[in-house]
Amino acid sequence: MANVFAGRSGILAAGGAIGLAAALLQFAGNPANMGICVACFVRDIAGSLGLHQAAVVQYLRPEIPGFVIGSFLAAMLTGEFRARAGSAPATRFFLGMSAMTGALVFLGCPWRAFLRLAGGDGNAILGILGLAVGVFVGTRFFKAGFTLGRAQGQGRSAGLMLVLAAVVLLGVRVFLSPDPAAGTLGWIWASLKGPGAAHAPLLISLGAGLGIGVLAQRSRFCTMGALRDLFLFRQMHLFSGVLAFVAVAFAANLMLGQFKPGFEGQPIAHTAGLWNFLGMAVSGLAFALAGGCPGRQLILAGEGDGDSAVFVLGMLVAAGLAHNMGWASSPAGIGPNGMAATFAAMGFCLLVGVMNLKKA
Amino acid sequence: MAENTKIVDARGLSCPQPVLIASDEMDALASGRIEVLTDCGASPENVGRAAKAKGWRLVTSAEDNGTVRMVLEKP
């Protein structure tokens with residue numbers, strides 16, 4: 001069946017709608033310049049599950065399971081759900097860890113990098129440049145024959161695992177959250193202050209997550225792919241979606257009074273330019289080698305891609321470690337071990353790139 | 001006709017590899033007929049766009065059991 005989102009107008013509409021949703025989610029209560037951030041939200045989920053104890057960033061964000069389930073529903077309805085896995089899953093796990101490490105040094109996934117820009121945060125510029133450099137290095141590996149090998153078809157249940165996890169997480173969010181008003185502790189953690197305490201109402205977050213999941217599945221929206229296709233094929237298709245994403249988020253931020261230009265004192269951001277650049281460079285390379293930005297990995301997992309599901313689990317684990325071990329940045333600056341973690345992740349990604357070159 | 005068809009089997013490979021391999025073949029052949037097999041959701045659209053940009057014509061694109069078979073031609 002023809003995909004109405006495969007054309008130029010489709011990707012523009014999808015990118016614009018996701019940008020608008022991000023601005024509105026912030027207006028509805030999500031953290032500043034963080035209407036959507038896949039890395040930050042996965043980190044918040046890691047905190048809600050007790051994988052780290054940074055008390056200000058613990059919340060089971062319904063947007064993330066929403067993306068996976070939305071993508072799953074869209075893929076099922078269009079016959080695109082296909083269980084597959086087996087393309088170097090352990091490598092992808094550690095690429096997911098590396099990507100999250102870099103993202104938490106910068107403080108955001110590529111989606112948030114562009115949203116920070118659309119909110120006036122000048123520190124995002126070096127982050128986006130770093131992302132572009134990381135993706136560019138990734139494309140050089142692909143040009144030289146980089147491959148993580150072929151995935152194989154799997155039984156349907158193998159493709160459903162992250163969808164199942166998403167449903168369970170939503171159930172946990174609804175039934176097992178702590179409730180300060182009622183005095184119940186619940187099973188999971190939820191921040192009382194800080195970014196983790198800033199969130200849109202449950203149904204708005206979930207609805208937006210599901211809608212974005214559907215749109216991103218149909219349109220293949222991907223910030224990493226946008227840069228990659230530009231470098232590899234001089235092709236503007238996905239990039240035009242990112243431009244629409246930034247433009248609409250910027251316009252909506254202006255109208256909602258959420259645009260505050262500057263470098264100092266930007267929300268959930270720091271001014272260590274070199275580390276904004278290097279953090280995103282590591283992430284960009286990891287995303288490129290793994291074939292998608294964090295949002296795209298969630299969407300692919302919803303379509304039945306078990307390798308992307310493993311990448312997402314790597315992100316979740318790294319989010320816990322990053323806060324437990326001092327890799328993650330904060331508005332005060334980079335973490336005590338952020339530099340070492342950045343270089344370790346960079347070294348790992350380069351090693352994966354070199355070790356998986358198949359051409360002579 | 002069929003024996004002159006260059007087959008690109010990109011099944012199991014994820015983006016951007018199917019479109020990279022198909023693009024390399026299009027560049028290497030300059031003209032002729034290429035059959036691309038892919039099962040990555042976004043790849044048929046990407047291969048189609050790359051073919052158009054390189055002046056190749058998408059003759060057929062048919063899906064069978066999750067695998068999309070695309071035939072590209074350039075006279």
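**Exercise 1. Two packed helices**

In which sense, right-handed or left-handed, does H1(A) pass H11(A)? Describe the packing of this pair in the predicted model, and then sort the residues of the contact.

*Solution.* Two packed helices are described by the angle between their axes and the distance between the axes. Begin, then, with these two values: helix H1 (residues 8-27) of chain A and helix H11 (residues 237-256) of chain A pack at an angle of about 35°, and their axes are 7 Å apart. Next comes the sense of the crossing, which for H1(A) passing H11(A) is right-handed. Finally, the residues of the contact of H1(A) with H11(A) are sorted by kind, which gives 18 nonpolar, 7 polar and 1 charged.

**Exercise 2. The length of a helix**

Compare the span expected for helix H6 of chain A with the distance between its end C-alpha atoms, and state what backbone angle A:Gly145 takes just after H6(A).

*Solution.* Helix H6 of chain A covers residues 123-143, which is 21 residues. The expected span is 1.5 Å times one less than the number of residues, and therefore H6(A) should span 30 Å. In the model the end C-alpha atoms of this helix are 31 Å apart, which agrees with the expectation. Moving on along the chain, one finds A:Gly145 just after H6(A), with a positive phi of about 100°.

**Exercise 3. The surroundings of one glycine**

Is A:Gly211 buried, exposed or partly exposed? Place this residue in its helix, and list its contacts beyond its neighbours in sequence.

*Solution.* A:Gly211 belongs to helix H9 of chain A, which runs over residues 202-219. For the burial class, one counts C-beta neighbours inside 10 Å, and A:Gly211 has 16 of them. A residue is buried at 20 or more and exposed at 12 or fewer, so A:Gly211, with its 16 neighbours, counts as partly exposed. If the neighbours within four places in sequence are left aside, A:Gly211 is in contact with A:Ala21 and A:Gly70. A:Ala290, for its part, is 79 residues from A:Gly211 in sequence, and the C-alpha atoms of the two are 25 Å apart in space.

**Exercise 4. Two chains as wholes**

Describe the elements, the extent and the burial of chain A, and then do the same for chain B.

*Solution.* Chain A has 15 helices and 2 strands. Its radius of gyration is 19 Å, close to the 21 Å that the globule rule gives for 360 residues, so chain A is as compact as a globular protein of that length. Along the principal axes, the C-alpha atoms of chain A fill a box of roughly 60 × 45 × 40 Å, and buried residues make up 61% of the chain.

Chain B has 2 helices and 4 strands, and along the sequence these follow the pattern β-α-β-α-β-β. For its 75 residues a compact globule would have a radius of gyration near 11 Å, and the 11 Å of chain B agrees with this. The C-alpha trace of chain B spans about 30 × 20 × 15 Å along its principal axes, while 44% of its residues are buried.

**Exercise 5. Where the chains meet**

How many residues does each chain give to the contact, and which helix of chain B gives the most to its side?

*Solution.* The contact takes 20 residues from chain A and 15 residues from chain B. On the side of chain B that touches chain A, the elements giving two or more residues are helix H1 (17-29) and helix H2 (43-53) of chain B. H2(B) gives the most, with 3 residues. Sorted by kind, the residues on this side of chain B are 6 nonpolar, 5 polar and 4 charged.

Key. Residues are numbered from 1 along each chain as its sequence is written. Chains are lettered from A and ligands numbered from 1 in the order in which they are written. This is a predicted model: local features need pLDDT of at least 70, side-chain atom pairs count only at pLDDT 80 or more; totals for chains, interfaces and linings use all residues. Two residues are in contact if their C-beta atoms, placed from the backbone, lie within 7 Å. Ala, Val, Leu, Ile, Met, Phe, Trp, Tyr, Cys and Pro count as nonpolar, Asp, Glu, Lys and Arg as charged, and the others, Gly among them, as polar. Axes are lines fitted to C-alpha atoms, for helices over the stretch in contact, and angles run from 0 to 180 degrees between N-to-C directions. A crossing is left-handed if the near helix is turned anticlockwise from the far one by less than a right angle, and right-handed if clockwise. The radius of gyration is taken over C-alpha atoms; the globule rule is 2.2 Å times the number of residues to the power 0.38.
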